[in-house]
Amino acid sequence: MWKWLHPYAKAETAYNLCYRLLPYFSWLALITLVTGSIWGLLYAPSDYQQGDSFRIIYFHVPTAIWSMGAYTSMAICGLIGMVWQIRNAELAVYAIAPVGAAFTFLALITGAIWGKPMWGAWWVWDARLTSELILLFLYLGVIALYNSFEDKRTAARASSILAIVGVVNVPIIHYSVEWWNTLHQGASITKFDKPSISPDMLWPLLLNIAGFLFIFAALVCLRLANQILINDARRPWVKAFVARRIDKSNSTTKE
Amino acid sequence: MHFNSFAEMIHMGGYAVYVWSSVFIVIAVLAFLIVHSVTAKKRTLTMLRLEQERADKIAQAKLVAEQARSQA
């Protein structure tokens, strides 16, 4: 039943799949992010308590959500790589890490910029903020660990283990606002009964949440394709690929 | 539009510095990520091409040396 999946474990097929998916993700990301951001910044009504400073939500919440989503997907890839020894999954761990780290960084920075006018402080050592900061360090740890091994199989295994162990932090971030008394507010849109946010404000937020997911997918496609290329440098299909490039550069220099 | 004028939009109800600086940082970080990811392939191909050319040169030199030895 799942046999159709098998060819995708092959490097060349996966490489081509990345580039086939890339334009869809890129266009969806462009459309949703531009619409969502302009709608959120210029057309959504201002908040009755926070005024226009609430508009930072359109960047803070999506990056925060996908900083955790990216980490979870990275850990799943790490687990698949460890259990079924699928090389592409190991490469995906390293392809996801920098994108996730950038999202975490953005969530922290936009949070600090939002915190200053609303809480009166750029940073407080409360549960939500601290656990999100630990997430950033976990991402940086995965990247650093991968780069510190000459043998990339060992590197992938070590960083996969760190990714899997670190996933314990994701539910801690999510439930931190319920488990501890924090300055950070609780969830507004993931509540099961009814989201406690007006639809005029919610729609652009949902668009940007989708947009950041699409741009994440597009960036991971690009980075994974690149990792596959590096990993398969000695294989015939990459050599043929490089040879075509040499021919092309030779013919352009002759002209 | 929520704002009545362009100046009012820039002013962001007094939170201009906070809102626009976060917008700017988000755009800057995303732009850096996009450029870094797009150029990654080019860097890899250049690296692989240089490796390939060096390997070709070594093979060529070995061939020449072998021919010289067999003639001697």
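**Notes on a predicted two-chain model**

1. Let's start at a helix end. Right after helix α2 of chain A comes Q85(A), and its phi is positive, near 55°. Keep in mind as you click around that this is a predicted model.

2. Now the helix before that residue. Helix α2 of chain A runs over residues 57-84, which makes 28 residues. From first C-alpha to last it reaches 40 Å, close to the 40 Å expected at 1.5 Å a residue.

3. Zoom out to chain A as a whole. You'll count eight helices and zero strands, so to speak an α-α-α-α-α-α-α-α pattern when you read along the sequence. The C-alpha atoms of this chain fill a box of roughly 65 × 45 × 45 Å, taken along the principal axes.

4. How much of chain A is buried? Of its 255 residues, 39% are. Among the contacts in chain A with a separation of 6 or more, 76% are between residues 24 or more positions apart.

5. Next, the inside. The largest nonpolar core has 73 residues, and those touching the most other members are M74(A), V93(A), I96(A), V99(A), V142(A) and L224(A). Both chains take part: α1, α2, α3, α4, α5, α7 and α8 of chain A each give two or more residues, and so does α2 (16-71) of chain B. The largest share, 17 residues, comes from α3(A). As a bit of background, nonpolar side chains tend to be buried together in soluble globular proteins.

6. Pick out M74(A) from that core. What is M74(A) in contact with, leaving aside its neighbours within four places in sequence? The list is V93(A), I96(A), A97(A), G100(A) and A163(A). Two of these names, V93(A) and I96(A), also appear among the core members that touch the most others.

7. Then have a look at where the chains meet. On chain A, 34 residues are in contact with 26 residues of chain B. Helices α1, α3, α7 and α8 of chain A each supply at least two residues to the side that touches chain B, with the largest share, 10 residues, coming from α3(A). By class, that side of chain A has 24 nonpolar, five polar and five charged residues.

8. Finally, cross over to chain B and find V26(B), which sits in helix α2 of that chain. Why does V26(B) count as buried? Because 22 other C-beta atoms lie within 10 Å, and the cut-off is 20 or more. Sequence neighbours within four places aside, V26(B) is in contact with F59(A), L106(A) and T110(A).

Note on methods
Residues numbered from 1 in each chain as written. Chains lettered and ligands numbered in written order. Predicted model: local features only at pLDDT ≥ 70, side-chain atom pairs only at ≥ 80, totals over all residues. Helix = DSSP H or I, 4+ residues; strand = E, 2+ residues; numbered from the N terminus. Expected span 1.5 Å × (residues − 1). Core = buried A, V, L, I, M, F, W, Y, C linked by C-beta atoms within 7 Å. Buried ≥ 20, exposed ≤ 12 C-beta atoms within 10 Å, placed from the backbone. Contact = placed C-beta atoms within 7 Å. Nonpolar A, V, L, I, M, F, W, Y, C, P; charged D, E, K, R; others polar.
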